[in-house]
Amino acid sequence: MATLKDATAIAGIGQTAFAKHLPESEKTLACRAILAALDDAGLDPAEVDAFASYTMEETDEVEIAKAIGAGDVTFFSKVGYGGGGSCATVAHLAAAVATGQANVGVAWRSRKRGSGPRPWKNTTAQLPTPGQWTRPFGLLRPADEIGMLTRRYMHEYGATRDHLFNVALACRNRANQNPAAIMYERPLTRETYMTSRWISEPLCLFDNCLETDGALACVVVGAGRARDCRHRPVYVHSVAQGLPAQHHGMVNYWNDDPLAGPAWTAARRLWKTADLGPQDVDVAQIYDAFTPLVPLSLEGYGFCGRGEGGPFTEGGALEIGGRLPLNTGGGLSEAYVHGFNLINEGVKQLRGVSTAQVPGASTCLVTAGEGVPTSALLLRS
């Protein structure tokens with residue numbers, strides 16, 4: 001079976017500052033992150049001939065290519081479903097480079113969610129079909145939809161708020177070590193978590209991601225080219241996207257098992273085309289727009305059995321030195337930019353330069369949003 005195994009590598013990463021409000025436009029932030037990533041790789045903007053981003057990205061490849069001084073572009077794509085598309089942007093570039101459609105690809109996400117409007121506030125737009133089965137009945141925001149899924153998970157398997165706190169705490173502890181994180185030097189205690197206000201019960205304030213302005217980018221090139229760039233290559237070992245049969249975003253109404261989400265579909269493809277398995281992963285960057293997505297993803301990607309995601313978090317399992325250190329960058333406590341910071345953090349871990357470095361890390365799983373059509377990357381050094 002033909003695969004993309006180790007044919008390409010991430011050669012450069014870049015990001016802007018993160019904040020609740022940044023004065024620059026999304027286009028300016030995007031260009032700064034992209035130029036930083038190219039500089040990190042030691043590549044000239046004129047060499048860029050491929051772009052990939054999200055359908056929700058407000059900047060486009062035409063304007064970005066002109067602004068950074070790219071040459072002729074021979075591949076460009078956008079991936080849907082918000083945070084579900086993060087890893088797929090790299091996967092699309094890896095496919096383009098590996099098959100000779102392009103040589104130097106840039107993936108990016110620029111977002112002013114901290115200071116910008118909320119998508120669900122637009123009451124004049126006609127609802128898409130899935131929204132017609134949720135919005136009129138009070139599930140107005142992603143937090144409401146994931147809140148209902150979480151309640152089902154608690155009911156079926158006995159997961160508790162303590163398990164969700166374990167996730168929030170591990171992510172906050174890593175952010176406390178990261179000067180770029182919104183929650184740098186802002187510790188979280190169990191009492192603070194348990195007494196915080198509800199956002200959508202059973203999800204409290206600290207079960208929800210941050211609202212952030214910022215941008216990130218990475219550069220994908222062929223494996224041979226990467227070895228001539230400025231840093232040790234981080235190889236794209238395996239990639240996958242996942243859309244289960246009869247899927248309904250977030251709530252998964254039509255599935256026989258609503259808790260077997262897109263992660264399960266993506267995971268089967270990811271591990272099938274890899275030389276590695278879950279037992280070989282040294283560090284994971286698991287999409288964390290909401291804390292319950294982490295135990296659901298732990299199950300989907302095979303780190304534990306069905307219903308065992310909650311107990312898996314116990315005993316410091318997610319901390320440095322635990323069974324699976326995770327989210328040394330992330331949406332709960334570093335910044336929420338639709339999961340792109342998880343990709344860059346995975347690269348930092350395999351370069352050995354993370355502010356919360358896992359000793360000897362050589363493999364990293366990066367996942368996109370669970371609950372929506374999703375994607376994943378398995379990176380190795």
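1. How do the residues of the lining of the second largest cavity divide into nonpolar, polar and charged? In this predicted model, that lining divides into three nonpolar, six polar and three charged residues. The residues concerned are Cys171, Arg174, Ala175, Asp288, Asn327, Thr328, Gly329, Gly330, Gly331, Leu332, Ser333 and Glu334, and the space that they line comes to about 40 Å³.

2. The second largest cavity is one of two cavities of 30 Å³ or more, and the largest cavity holds about 50 Å³ of space. The largest cavity is lined by Leu149, His247, Met250, Asn252, Pro258, Leu259, Gly261, Pro262, Leu296, Glu370 and Gly371, a set that by class has six nonpolar, four polar and one charged residues.

3. Met250, one of the residues lining the largest cavity, deserves a check of its backbone, for its phi is near 65°, a positive value in a residue other than glycine. Met250 lies in the loop between strand E8 (234-242) and helix H8 (262-272), and its relative accessibility of 17% falls under the 20% limit, so Met250 counts as buried.

4. A comparable check applies to Asn327, which is among the residues lining the second largest cavity and has a positive phi of about 50° although it is not a glycine. Asn327 is found in the loop between helix H10 (309-312) and helix H11, and with a relative accessibility of 2% Asn327 counts as buried.

5. Helix H4 (residues 142-157) has 16 residues, which at 1.5 Å a residue should span 22 Å, and because its end C-alpha atoms are 22 Å apart, the span in the model agrees with that expectation. The buried residues of H4 are Ala143, Asp144, Glu145, Ile146, Gly147, Leu149, Thr150, Tyr153 and Met154, and Leu149 also appears in the lining of the largest cavity. Among the elements that cover the buried residues of H4 are H5, E5, E6, helix H9 (293-300) and H10. After H4 comes Gly158, with a positive phi near 80°.

6. Between two of those covering strands, E5 (198-200) and E6 (203-204), lies a loop that contains Pro202. The peptide bond leading from Glu201 to Pro202 is cis, with omega near 15°, and a reader who inspects the loop in the model may wish to look at this bond directly.

7. Helix H11 (residues 340-351) has 12 residues and reaches 17 Å from its first C-alpha to its last, close to the 16 Å expected at 1.5 Å a residue. Because 12 of the 12 residues of H11 are buried, the helix is largely enclosed by the rest of the structure. The buried residues of H11 include Phe340, Leu342, Ile343, Val347 and Leu350, and they also include Asn341, Asn344, Glu345, Lys348, Gln349 and Arg351. Just after H11, Gly352 takes a positive phi of about 85°.

8. Thr363 has its place in strand E10 (residues 363-367), and at 6% relative accessibility Thr363 counts as buried. Not counting residues up to four places away in sequence, Thr363 touches Leu276, Asp280, Val281, Asp282, Val283, Leu350, Leu379 and Arg380; of these partners, Leu350 is one of the buried residues of H11. Thr363 and Glu185 are 178 residues apart in sequence, and their C-alpha atoms are 28 Å apart in space.

9. Is Tyr184 buried or partly exposed? At 30% relative accessibility Tyr184 counts as partly exposed, and the residue is found in the loop between helix H5 (161-175) and helix H6 (190-194). When its neighbours within four places in sequence are left aside, Tyr184 is in contact with Ala175, Asn176, Gln177, Asn178 and Pro179, and Ala175 is also among the residues lining the second largest cavity. From Tyr184 to Ala98 the separation is 86 residues in sequence and 38 Å in space, C-alpha to C-alpha.

10. On annotation, the unreviewed UniProt entry assigns "domain: Thiolase C-terminal" to residues 257-373. Over residues 257-373 the chain of the model is 30% helix and 7% strand, and the C-alpha atoms at the two ends are 16 Å apart.

Terms used:
Residues numbered from 1 in each chain as written. Predicted model: local features only at pLDDT ≥ 70, side-chain atom pairs only at ≥ 80, totals over all residues. Heavy atoms only, no water. 1 Å grid on protein atoms, 1.4 Å probe; cavity = no way out; pocket = protein on both sides within 12 Å on 5 of 7 lines; lining within 4 Å. Points joined across faces, edges and corners; volume = space filled by probe spheres on them. Nonpolar A, V, L, I, M, F, W, Y, C, P; charged D, E, K, R; others polar. Helix = DSSP H or I, 4+ residues; strand = E, 2+ residues; numbered from the N terminus. Buried < 20%, exposed > 50% of the residue type's maximum accessible area, 1.4 Å probe, protein only. Contact = heavy atoms within 4.5 Å. UniProt positions renumbered as here; feature names shortened; annotations may be inferred. Expected span 1.5 Å × (residues − 1).
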